[in-house]
Amino acid sequence: MSSSHIRVWLSERLPLNATETFLAAKEVPRHRHSFWYYFGGMTLFFFCVQLVTGILLSLYYQPAPEHAYESIRTIVNETPHGWLIRSLHAWSAHLMVAMLFIHMFSVFLMKAYRRPRELMWLSGVALLVLVLGFGFTGYLLPWDTKAYFATLIGTEVPKSVPLLGRWGVSLVKGAESVGEATLTRMYSLHVIVLPLIGLLVVAFHVLLNQFSGVSVPAGTVVKRRPIAFFPDFAYRDFIAWIVGFAVLLALSTLIPRDLGDKADPMASAPPGMKPEWYFLPLYQTLRMIPATVFTIDGELIVNAAVGALIALWVLIPFIDRRSARGLKSPLFTAIGVVIIVYIAGSILAGYFT
Amino acid sequence: MKEDQAGLIARRDVLKVAFGLWGVLCAAPVLGMILQYITPVAAKAGLRQTTLVGQSGDFAQGTVRIVRVNKDPVLLIHTPGGQFRALSARCTHLGCVVQYQETPVPHFGCNCHGSQFDMNGINISGPAPRPLPPYQVILNGSSVYLTRV
């Protein structure tokens, strides 16, 4: 059976032509900021790597405190290529978060959130929260010392949120202290709940991109003709993915993910312990803030600041009225730059101090 | 809701609202049950339980040991004067286990965010907002029991 026969067979059963027309309508503008368009696709690529390697790891992983650490050891030491699969999973998580941050801030600085792309921005913020959730819930699973104490600290921080804080934390922890219930809940969130929601939101985000097209930054002069997304830009995206995969392979083989000592809930936290780089801004802020500021609990202040930042981030397309009218918006550019500098500065400070 | 020329609400609209309310009424108990299911049952019985942690001879005078009470780490201090004291080993900042440190003066330090407590558990520096909660030490013969205060 030739490919044309298959096509005819499929066309009788699926709206192939309509789909092709729909996909062919998308074009990618070419201008001096076009480079930043690749990072959304790169984030999606690393998300796919996460799914594949995550499924492979789940074949051997056992979500119970007595077995979790040993099962990871088995994966790393005894399962063929297990060390590589685990390293690919861990490193692609880092790269996914990095690509997501670059994508998000490039979207922010190019004001691509402006009308009519508000829903794309909102779904993007939801994906940011989901990806950080993936990072947090996956962190405990190896059940080593660092994983245990990072989760212990991470689940204490939101407790000071009024009304819902303690209840929300108890839902995630499943018990008063981090233990078996926490591990099974984190596992369930990490491999079922978050991927299901994540896939739906990713599909929504990508579909909106197809509907609304690719945004051109306000004030940018486009002199060259746009290129079709399918297949021209998709080929270029594919090349970027190959480069990304090469970097991922290099990191995974040259710096394989280590496994610390098995978690001991009775032991003290090891000195110099820090969370992953993408949680360092929160960690650094918690370190800097005193226990009480004008009789207000320091953690409450940090939680309020995080809440206010998330609210600001969600509302950006609706409060940046200049961008909505297609004008340059220097105030919001400045806000974005301040946030980038704070994040980069606190990551560096957290890493080197 | 749409009204016809006589100002009456259409039967179809009333039915739509009724179906919507019916849907909410059906969904609410289901959501309630799910919420109850995922909310952990508090281990009330274990909170004030008295736990045997060892014999007094197991803890030399002038030492500090971390013992387990209901899955929680507790600092059992046997002072040079022969007194027993116990404090929760969970830092009141974010719950890390504190560590006994002898220098420059004996104290408890938290490696996570640098909080420090004196030997009575009073927070003396760092972000910890409260002292370490005390435990009651009960000596029954040579047996040492701890219970949460």
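How many bridges join strand S4 (residues 84-88) of chain B to strand S9 (residues 134-140) of chain B? The count is two, and the strands run antiparallel. Here strands are DSSP runs of E with at least two residues, helices are runs of H or I with at least four, and both are numbered from the N terminus; two strands pair if DSSP finds at least two bridges between them. This is a predicted model, in which local features need pLDDT of at least 70 and side-chain atom pairs count only at pLDDT 80 or more, while totals for chains, interfaces and linings use all residues. Residues are numbered from 1 along each chain as its sequence is written, with chains lettered from A and ligands numbered from 1 in the order in which they are written.

Staying with S9(B), B:Pro134 sits opposite B:Leu87. S9(B) also pairs with strand S10 (residues 143-148) of chain B, again antiparallel, through six bridges. Within that pairing, B:Tyr135 has B:Arg148 of S10(B) as its bridge partner. S9(B) and S10(B) make a hairpin with two residues between them, and B:Gly141 in the turn has a positive phi of about 70 degrees.

Another hairpin links S2(B) and S3(B). Strand S2 (residues 63-69) and strand S3 (residues 72-78) of chain B are held in antiparallel register by seven bridges, with B:Arg65 facing B:Leu76. Two residues lie between these strands, and B:Asn70 takes a positive phi near 50 degrees.

Taken as a whole, chain B has two helices and ten strands, with both helices coming ahead of the strands from the N terminus on. Its radius of gyration is 28 Å, whereas a compact globule of 149 residues would be near 15 Å (taken over C-alpha atoms; the globule rule is 2.2 Å times the number of residues to the power 0.38). Along the principal axes, the C-alpha atoms fill a box of roughly 95 × 35 × 20 Å. Buried residues account for 25% of chain B; buried means 20 or more other C-beta atoms within 10 Å of a residue's own, exposed 12 or fewer, and partly exposed in between, with C-beta atoms placed from the backbone.

As for the inside, the largest nonpolar core (buried Ala, Val, Leu, Ile, Met, Phe, Trp, Tyr and Cys residues joined through C-beta atoms within 7 Å) has 80 residues. Those with the most contacts inside it are A:Met96, A:Trp143, B:Val74, B:Leu75 and B:Cys96. Helix H5 (residues 82-109) of chain A gives the largest share, 13 residues.
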